[in-house]
Amino acid sequence: MEPVLTRYIREPNSYTLDFFLKHDGYNGLKAALGMEPNAVIDLVKASGLRGRGGAGFPTGLKWQFVLKDTPLPKYICCNADESEPGTFKDHVLMERNPHLLFEGCLIGCRAIGAKVAYIYIRGEFFHVQKVLEAELAKAYAQGYVGKNIMGTGFDCDIVIHRGAGAYEAGEETALIESLEGKRAQPRIKPPFPAVSGLYNCPTAVNNVETLCNLPSILLNGAEWFTSLGPEKNGGPKLFCVSGHVKKPGTYEASMSTTLHELIYGHAGGIRDGHQLKAIIPGGSSVPILLPHELEIPASFDAVAQVGSMLGSAGIIVMDETTCMVWAARNLLYFYKHESCGKCTPCREGGDWLHRILTKIENGEGEMRDIDLLTSIGSNIAGKTLCAFGDAAATPALTTVKHFRPEFEAHVREGRCTVPADWRAARTPVAH
Amino acid sequence: MSFHPLMLYDPERFQRSERRLLEEGEPFTFAPERRAALDELLTKYPPDRKRSAILAALYLVQEQQGYLTANAVRHVGGILEMTPAEVEDVATYYVMFFKEKVGKHVVQVCRTLSCALAGAERVTEALSHTLGIAPGETDPSGMFTLLEFECLGACDRAPVVMVNNEDWHERVRPEDCGRLVEDIRARGPAASSGCHLRIERP
Ligand SMILES: Cc1cc2nc3c(=O)[nH]c(=O)nc-3n(C[C@H](O)[C@H](O)[C@H](O)COP(=O)(O)O)c2cc1C
Ligand code: FES
């Protein structure tokens, strides 16, 4: 597949407005401004575009749910929090193609009748934010954002809002809370943001990559978009491959590409002299897949069929030197650290899972601890306000499920049985 | 009752509050240019939604004095029409705000899975060894603070190290850490490798 979103990213100055305008820049917006807002929504629905932030929810449908018949202002919130471990695609898009995102935001605003789009960018991406701000200023100056856009009478502002280091701020209602100047903690749903979101007004929260797909849909049509991938999984997709591969990076491909092809073709395969042990296909929150499960299309539906999720398409590759108790403990540290603390199962359970995993890794575990991991995990998943709980339970549940003998060996031998030279010499502590 | 029948409660060991009161600090008001920057930011949000600018305001505090103090919290609260408790509630949630005095260079090593697979634990150990401090500590000269951070969103360039919430170092190897520290000490932000996506170099 010819790259669509990342076609020009390796060309010098591809991030500038001048470059963008020479390559169809803001033409998708021009098309959208010539259409009725409902027609834009219908087109996006027909394209089947699914959200790239993790859940894969159809974008057109999300927009259709946004309350139209109301005197309240409406908002687009662009989710540029990108903090799912193993995910770094929005980073590339914003750094190399910021105007594509602005154009996507404006098309979204046109479709739902919003006058402002807030781009919530994670605090750690300050170098990216500087690019966005400089380019946004140019877009304002040349009339692509702001009042009377391209002389059409359409007014729309874009505001860049910097986060401050919180994974949970990527969850859509927590993102809204954070934008309102509060702790990034999720809200009870319903009401969904489409009815009552930012400042209690109708809001659509869309991921960066999702919005970046809009201009090409408006220019090339829904049929073109669906033709790029398997049924219900159309369009170009960015895949982030990291871990023990030769060429980690962001790769754009069709969702009919297999996971095997992404890892062995695009990313160059496993480090020399090593074998693949397991992958996490969709960011750290999703279940592990084993080497024999990779001959499937890297699509939302195909990956779900084998019991995992495409999620944010962050593919983390681990070779045989990776201890699965260690990997689970590494991720549980992340989840216990990032838990917002609102729901008891997640707040207490995440910390507890981490303590038990540390104990097992240090060789101090007992056999019954292994079952306890499963029991705690199943008492977190599905019992919290947002999907963070499921995400936090998953690394423990999935590693025990697939690598139980490794856990038992740690208990039996009283030490880590899969040491690696790239790990720390110190033993982990459970604080 | 807990969410799980086997959950242990032991406030001495597990359920300990980590909350510490902020230092009073010096009297605080924003320098005029920072106050102007904040006032400009406030125009981006509805007039009755001033607190939306709180993260930006707290960054400005850090820009001015390096970390958050009770005096700064009260000043920010006054501008954004929030109580000091509300400001502190927000400030203590986000890891990029420093709640105590930190070194001139805050070295933030990504510790999450992809970076760890690429040797981030060894990088932290090497930095710890070079600086003579454990993660979470500041060296006696007040030059460096070492922190472990969570996935920075550049896992293809692992291990990643950020300095002062901004400067970006990619593919850091343990054997480079000694040189990196000296370089940061000597050149500050200029020592950073920058983001590899930026192909245009001055
Ligand atoms: C704990 C948690 C973290 C999330 N982090 C992100 C994130 O960093 N970026 C993102 O786009 N979506 C994230 N999401 C998904 C959002 O809640 C939301 O589904 C998404 O932004 C919707 O956009 P989309 O429909 O374009 O995918 C997260 C969800 C959860 C539960
Ligand atoms: S794991 Fe370190 S940047 Fe993602």
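The exercises below, each with a worked solution, concern the surroundings of ligand 1 and the enclosed cavities in a predicted model.

**Exercise 1. Describe the residue shell around ligand 1, naming the residues that come nearest and the element that gives the largest share.**

Step one is to collect the shell, which holds 19 residues, and to note that A:G53, A:K62, A:N79, A:N207 and A:T210 come nearest to ligand 1. Step two is to sort the shell by residue class, and this gives four nonpolar, eight polar and seven charged residues. Step three is to assign the residues to secondary structure, where strand β5 of chain A, spanning residues 203–207, contributes three residues, the largest share of the shell.

**Exercise 2. Find which polar atoms of A:N79, A:E82 and A:S83 lie by oxygen atoms of ligand 1, and state how much of the ligand the protein buries.**

Begin with A:N79, whose side chain places a polar atom 2.8 Å from an oxygen atom of ligand 1; a pair of N or O atoms counts as a polar contact within 3.5 Å. Continue with A:E82, where the atom concerned belongs to the backbone and the distance to a ligand oxygen is 3.3 Å. For A:S83, a backbone N or O atom is likewise found 3.2 Å from an oxygen atom of ligand 1. Turning to the surface, ligand 1 taken alone exposes 610 Å², and 89% of that is buried by the protein. To place the ligand in the wider structure, note that the space it takes is the second largest pocket.

**Exercise 3. Determine how many cavities of 30 Å³ or more the whole structure holds, and characterise the largest cavity.**

The search over the whole structure returns three such cavities. The largest cavity has a volume of about 70 Å³, and its lining consists of 13 residues, with A:C340, A:C343, A:C346, A:C386 and A:F388 lying nearest its centre. Dividing this lining by class yields seven nonpolar, four polar and two charged residues.

**Exercise 4. Carry out the corresponding analysis for the second largest cavity, stating which residues are closest to its centre and which helix gives the largest share of its lining.**

First, the volume: the second largest cavity contains about 50 Å³ of space. Next, the lining: 13 residues surround this cavity, and B:C110, B:C115, B:C151, B:L152 and B:C155 are the closest to its centre. Then, the classes: nine of the lining residues are nonpolar and four are polar, while no charged residue takes part. Finally, the secondary structure: helix α5 of chain B, covering residues 113–117, supplies three residues, the largest share of the lining.

Definitions and conventions: Residues are numbered from 1 along each chain as its sequence is written. Chains are lettered from A and ligands numbered from 1 in the order in which they are written. This is a predicted model: local features need pLDDT of at least 70, side-chain atom pairs count only at pLDDT 80 or more; totals for chains, interfaces and linings use all residues. Side-chain values use heavy atoms; hydrogens and water are left out. A residue is near a molecule or strand if one of its heavy atoms lies within 4 Å of it. A polar contact is a pair of N or O atoms within 3.5 Å; within protein, one must be able to donate a hydrogen and the other to accept it, and residues adjacent in sequence count only if both atoms are side-chain atoms. Accessible areas come from the Shrake-Rupley method with a 1.4 Å probe; for residues, only the protein chains shown count as cover. On a 1 Å grid over the protein atoms alone, a cavity is a set of points where a 1.4 Å probe fits but cannot get out, and a pocket is an open set with protein on both sides within 12 Å along at least five of seven lines; lining residues have an atom within 4 Å of a point. A molecule sits in a cavity or pocket if more than half of its atoms lie within 2 Å of its grid points. Helices (H or I, at least four residues) and strands (E, at least two) are DSSP runs, numbered from the N terminus. Ala, Val, Leu, Ile, Met, Phe, Trp, Tyr, Cys and Pro count as nonpolar, Asp, Glu, Lys and Arg as charged, and the others, Gly among them, as polar. Grid points are joined across faces, edges and corners, and a volume is the space filled by probe spheres set on the points.
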